[in-house]
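Let's go through one strand and its surroundings, question by question. Here is the model first.

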Amino acid sequence: MTVGYLANVFDLLNVRDLDLIAQAGRHSSRLVVGVFSDDFAELQFGRRPVVPMAERVALVSHVRGVHEVVTHDETTIAADRAARVFAVAGDPPLRHAGETWLLTPDRETSSVLLREALTLVGATVDHLHDVA
């Protein structure tokens with residue numbers, strides 16, 4: 001049995017996230033998904049998620065191929081969770097020891113509104129950091 005571990009924000013769940021989960025699932029017999037805590041997401045990406053963590057956990061737990069969902073934060077060491085850790089191309093690396101498999105999303109969301117919303121949220125956070 002190959003246990004896989006994929007950790008990410010999974011904010012505003014979209015086809016990119018589903019692609020990543022499906023890819024990790026194809027290389028695991030049991031897939032554990034770590035959902036970043038709000039604080040850890042801000043540490044990694046410079047902004048807090050739009051969707052609260054409890055809702056992101058609930059959404060991801062209903063995705064086909066996900067066997068378990070856990071909270072991933074700055075104290076998490078991914079190798080404690082699984083034998084095979086999946087990393088997402090272009091994302092900051094996660095703290096872990098052991099084998100890493102790099103995943104590249106096949107698709108990005110084509111929703112113009114979602115892309116605009118994500119851009120606005122990022123721009124607002126950047127502006128707030130500049131003012132502070």
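**Strand S1 and its neighbours**

Reader: In which sense do S1 and strand S4 (residues 84–88) pair, and over how many bridges?

Author: S1 and S4 run parallel to each other. Strands here are DSSP E runs of at least two residues, numbered from the N terminus, and pairing takes at least two bridges. Within this pair, Tyr5 faces Val85 of S4. The count for S1 and S4 is three bridges.

Reader: Before I trust that, what am I looking at?

Author: Residues count from 1 along each chain as its sequence is written, and side-chain values use heavy atoms, without hydrogens or water. Local features need pLDDT of at least 70 and side-chain atom pairs 80 or more, while totals for chains, interfaces and linings use all residues, since what you have is a predicted model.

Reader: Which residue of S2 is the bridge partner of leucine 6?

Author: S2 covers residues 30–36 and runs parallel to S1, joined by six bridges. Leucine 6 has its partner there, and that partner is valine 33.

Reader: Is S1 largely enclosed or open, and how many of its residues are buried?

Author: Side chains in a regular strand alternate between the two faces of the sheet. On one side of S1, Val3, Tyr5 and Ala7 are buried (under 20% relative accessible area with a 1.4 Å probe, protein chains only). Gly4, Leu6 and Asn8 are buried on the other side, so both faces are covered. S1 (residues 3–8) is therefore largely enclosed by the rest of the structure, with the buried tally at six of six.

Terms used:
Buried < 20%, exposed > 50% of the residue type's maximum accessible area, 1.4 Å probe, protein only. Helix = DSSP H or I, 4+ residues; strand = E, 2+ residues; numbered from the N terminus.
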